[in-house]
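Welcome! Here are a few short exercises, each with a worked solution, to help you find your way around. Take a look at the sequence and the model before you begin.

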Amino acid sequence: MDQRPSLFSPYQMRRFSLAHRVVLAPLTRCRAIGGLPGPALAEYYAQRSTDGGLLISEATAISPAGAGFPRVPGIYNQEQIYAWKKVVDAVHAKGSIFFCQLWHAGRASHQAYLPDGAAPISSTEKPISASRKTLLPDGSYGTYPVPRCLATSEIPEVVEQYRQAAVNAIEAGFDGVEIHAAHGFIIDQFLKDGVNDRTDEYGGSLPSRCRFLLEVTRATVSAVGPDRVAVRVSPTIDNLDAYDSDPARLGMAVVERLNALQEEVSSGGQLAYLHLSRAMHGGGNAEEEGRLMRAMRDAYRGTFMCGGGYTRELGMESVERGDADLVSYGRHFIANPDLVERFKLDAGLNEFVRKTFYTPDPVVGYTDYPFLDSQPESRMQ
């Protein structure tokens, strides 16, 4: 009898009992007007909830200086906590587990989003190249400004913002938090040697570049417990000019330090999961990425999640081979609120409409994608 796990078999993720391994990836959707999650977000997340499923929220700013897109939610004040409670309640009513992704954009922001028009903060004063454009509040695109390099003495304040945001997320009812250390945002700006040009204890050597991530993780673990904290990294992805000269070495260094952190926790507990974000399948050096993913998976002591352009078949293969315990899906989940059911039935998928990914409309391209039982025939993308 074949005892290998499948994409649809149960999984025990620390304290959380999952009914399947299909995870909603964190996806910025730009529908939180005024930084507050409203009824549209409650409907959107509830649509994608299943009994025993795991959802990760969109990137959620940890401070007023943390946002980098229009209409993104925050988790740094009581009004936001109260607003998130209603969204979390809608997800829990469907039986899902809900993690809040904690996010600070760092230099990947613009004065238009920051208090008093201040410059964005980072590990460096190097701006993102002019070839990359940022979405502005009026819907136009502009260049990224020159960031302000954080002084060594300022870094503990940002670490404290992550810790407090984790506390706030639990107060809002979230089951846990995912620290966004990927995709060129502030923690990734410290990790990657193509960005981090510091000469203090947060730059230079690989251990020093990992220090900020480890301090943030340790602080959030101390606040809410290890099994409510997860980390997302993307060693091979150069989004927003965040590249590293040795992604494999960086990825393994992060795993080594997270393993050590788990051992030092007084309760002896593992983190909820480590989430590896890969370049989209078919792009980049897929073979090299695959080797790194398997090496990180083999070395990491705990639940391992992968994401990045996975199809149903690729997700099934990854779980069955043991390359990952869980697989996160983004664009397919945007267009298919009942993605888990469609995958189970091997049914056709709605096609996603890219031009509506970040529009402000609370319905169009957001909560209006049809369910399988409401359409006569689905089209496979």
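**Exercise 1. Locate Ser277 and describe its surroundings.**

Step 1: Ser277 belongs to strand S12, which covers residues 273-277. Strands (E, at least two residues) and helices (H or I, at least four) are DSSP runs, numbered from the N terminus.

Before going on, a word about the source: this is a predicted model, in which local features need pLDDT of at least 70 and side-chain atom pairs count only at pLDDT 80 or more, while totals for chains, interfaces and linings use all residues. Residues are numbered from 1 along each chain as its sequence is written, and side-chain values use heavy atoms, with hydrogens and water left out.

Step 2: Ser277 is buried, at 3% relative accessibility. Buried means under 20% relative accessible area, exposed over 50%, and partly exposed in between (1.4 Å probe, protein chains only).

Step 3: Look for contacts, meaning heavy atoms within 4.5 Å. Not counting residues up to four places away in sequence, Ser277 touches His183, Arg232, Val233, Ser234, Ile237 and Gly307.

Step 4: The side chains of Ser277 and His183 also make a polar contact, at 2.6 Å. That term stands for a pair of N or O atoms within 3.5 Å; within protein, one must be able to donate a hydrogen and the other to accept it, and residues adjacent in sequence count only if both atoms are side-chain atoms.

**Exercise 2. Find out what surrounds Pro37.**

Step 1: Pro37 sits in the loop between strand S3 (22-24) and helix H1 (39-47).

Step 2: With 5% relative accessibility, Pro37 is buried.

Step 3: Leaving aside neighbours within four places in sequence, Pro37 is in contact with Ala32, Pro73, Gln80, Ala83, Trp84 and Val87.

Step 4: Now take Pro73 from that list. Pro37 and Pro73 are 36 residues apart in sequence, yet their C-alpha atoms are 6.0 Å apart in space.

**Exercise 3. How many disulfides does a search of the whole structure find?**

Step 1: A disulfide is a pair of cysteine sulfur atoms within 2.5 Å.

Step 2: For Cys149, the closest cysteine sulfur is in Cys210, 18 Å away, so the two are too far apart for a bond.

Step 3: The search of the whole structure therefore ends with 0 disulfides.

Step 4: Compare the surroundings of the two residues. Cys149 is partly exposed, with a relative accessible area of 26%, whereas Cys210 is buried, at 1%.

**Exercise 4. Follow some of the salt bridges, beginning with Arg294.**

Step 1: A salt bridge is a side-chain nitrogen of Lys or Arg within 4 Å of a carboxyl oxygen of Asp or Glu. The structure holds 19 of them.

Step 2: Arg294 pairs with Asp323, with 3.9 Å between the closest N and O atoms. This pair links distant parts of the chain, 29 residues apart: Arg294 is in helix H7 (residues 286-299), and Asp323 is in the loop between helix H8 (312-321) and strand S14 (326-329).

Step 3: Check accessibility. Arg294 is partly exposed at 35%, while Asp323 is buried at 6%.

Step 4: Widen the view: Arg294, Glu317, Arg321 and Asp323 are linked in a network of salt bridges.

Step 5: Finish with Asp338 and Arg342, whose side chains meet in a salt bridge at 2.7 Å, N to O. Both Asp338 and Arg342 are buried.
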